[in-house]
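Q: Got a minute? I'd like a quick tour of a structure I haven't seen before.

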Amino acid sequence: MVKPLVDQEISISEFRRSPTRHFENSPVAVLSRGRPRGYLLSVDHFEVMLAAIAECEDPIKLKEKLGLSDAWLEKVLSKDSDSQ
């Protein structure tokens, strides 16, 4: 059995009943047949995660790999130029 990478978890059925209720202050694993099928992140958590990854990886490559917007890339690159 594959264990989720986060502490909170819900079934896919539970998620379908009330999806917005599960965007909490911490990531939530969505399980199907006891296996993680995806993770729910709040906007804040997603942005923090992307910022942390962008510190370690080329933001241009990260944008391509994850299908991020031009607006995201501009935001990250402007932060880099502001900090220099």
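What follows is a short chat about the sheet, a few residues and the largest pocket.

Q: What kind of model is this?
A: It is a predicted model.

Q: OK, the sheet. What is the order of its strands?
A: The order is β1-β2-β3. It is an open sheet of three strands, and the pairing is mixed.

Q: Which strands stand at the edges?
A: β1 (8–11) and β3 do. Each has a single partner strand, so one side of each is left without a neighbour in the sheet.

Q: By how many degrees are neighbouring strands turned against each other?
A: On average 35 degrees, with direction ignored.

Q: In what sense do β2 and β3 pair?
A: They pair in the antiparallel sense, over five bridges. Strand β2 covers residues 28–32, and strand β3 covers residues 35–40.

Q: How many residues lie between β2 and β3?
A: Two, and the strands form a hairpin. R33 sits in the turn, with a positive phi of about 55 degrees.

Q: Which residue does V30 stand opposite?
A: G38, in β3.

Q: Staying with β3, what about R35? Where is it found?
A: R35 is found in strand β3. R35 counts as partly exposed, because its relative accessibility is 41%, between the 20% and 50% cut-offs.

Q: Which residues is R35 in contact with?
A: V2 and V30, leaving aside neighbours within four places in sequence. V2 is 33 residues away from R35 in sequence. In space, the two are 5.9 Å apart, C-alpha to C-alpha.

Q: And R37? Buried or exposed?
A: R37 counts as exposed, because its relative accessibility is 53% and the cut-off is over 50%. Its place is also in strand β3.

Q: What is R37 in contact with?
A: With V30, L31 and S32, once neighbours within four places in sequence are left aside.

Q: How far apart are R37 and P4 in space?
A: They are 9.1 Å apart, C-alpha to C-alpha. In sequence, 33 residues separate R37 and P4.

Q: New topic: the helices. Where is K63 found?
A: In helix α3, which spans residues 59–66.

Q: Is K63 buried or exposed?
A: K63 is buried, because its relative accessible area is 13% and buried means under 20%.

Q: What is K63 in contact with?
A: Leaving aside neighbours within four places in sequence, K63 is in contact with L68, S69, D70, W72 and L73.

Q: Now pockets. How much space lies in the largest pocket?
A: About 270 Å³.

Q: Which residues line the largest pocket?
A: The lining is F46, E47, L50, A51, A54, E55, W72, K75, V76, K79 and D80. W72 is also one of the contacts of K63.

Q: Which helix gives the largest share of that lining?
A: α2, with six residues. α2 (43–56) and α4 (70–82) each supply at least two residues of the lining.

Q: How do the lining residues divide into nonpolar, polar and charged?
A: Six are nonpolar and five are charged. No polar residue is in the lining of the largest pocket.

Key
Residues are numbered from 1 along each chain as its sequence is written. This is a predicted model: local features need pLDDT of at least 70, side-chain atom pairs count only at pLDDT 80 or more; totals for chains, interfaces and linings use all residues. Side-chain values use heavy atoms; hydrogens and water are left out. Helices (H or I, at least four residues) and strands (E, at least two) are DSSP runs, numbered from the N terminus. Buried means under 20% relative accessible area, exposed over 50%, partly exposed in between (1.4 Å probe, protein chains only). Contact means heavy atoms within 4.5 Å. On a 1 Å grid over the protein atoms alone, a cavity is a set of points where a 1.4 Å probe fits but cannot get out, and a pocket is an open set with protein on both sides within 12 Å along at least five of seven lines; lining residues have an atom within 4 Å of a point. Grid points are joined across faces, edges and corners, and a volume is the space filled by probe spheres set on the points. Ala, Val, Leu, Ile, Met, Phe, Trp, Tyr, Cys and Pro count as nonpolar, Asp, Glu, Lys and Arg as charged, and the others, Gly among them, as polar. Two strands pair if DSSP finds at least two bridges between them. Axes are lines fitted to C-alpha atoms, for helices over the stretch in contact, and angles run from 0 to 180 degrees between N-to-C directions.
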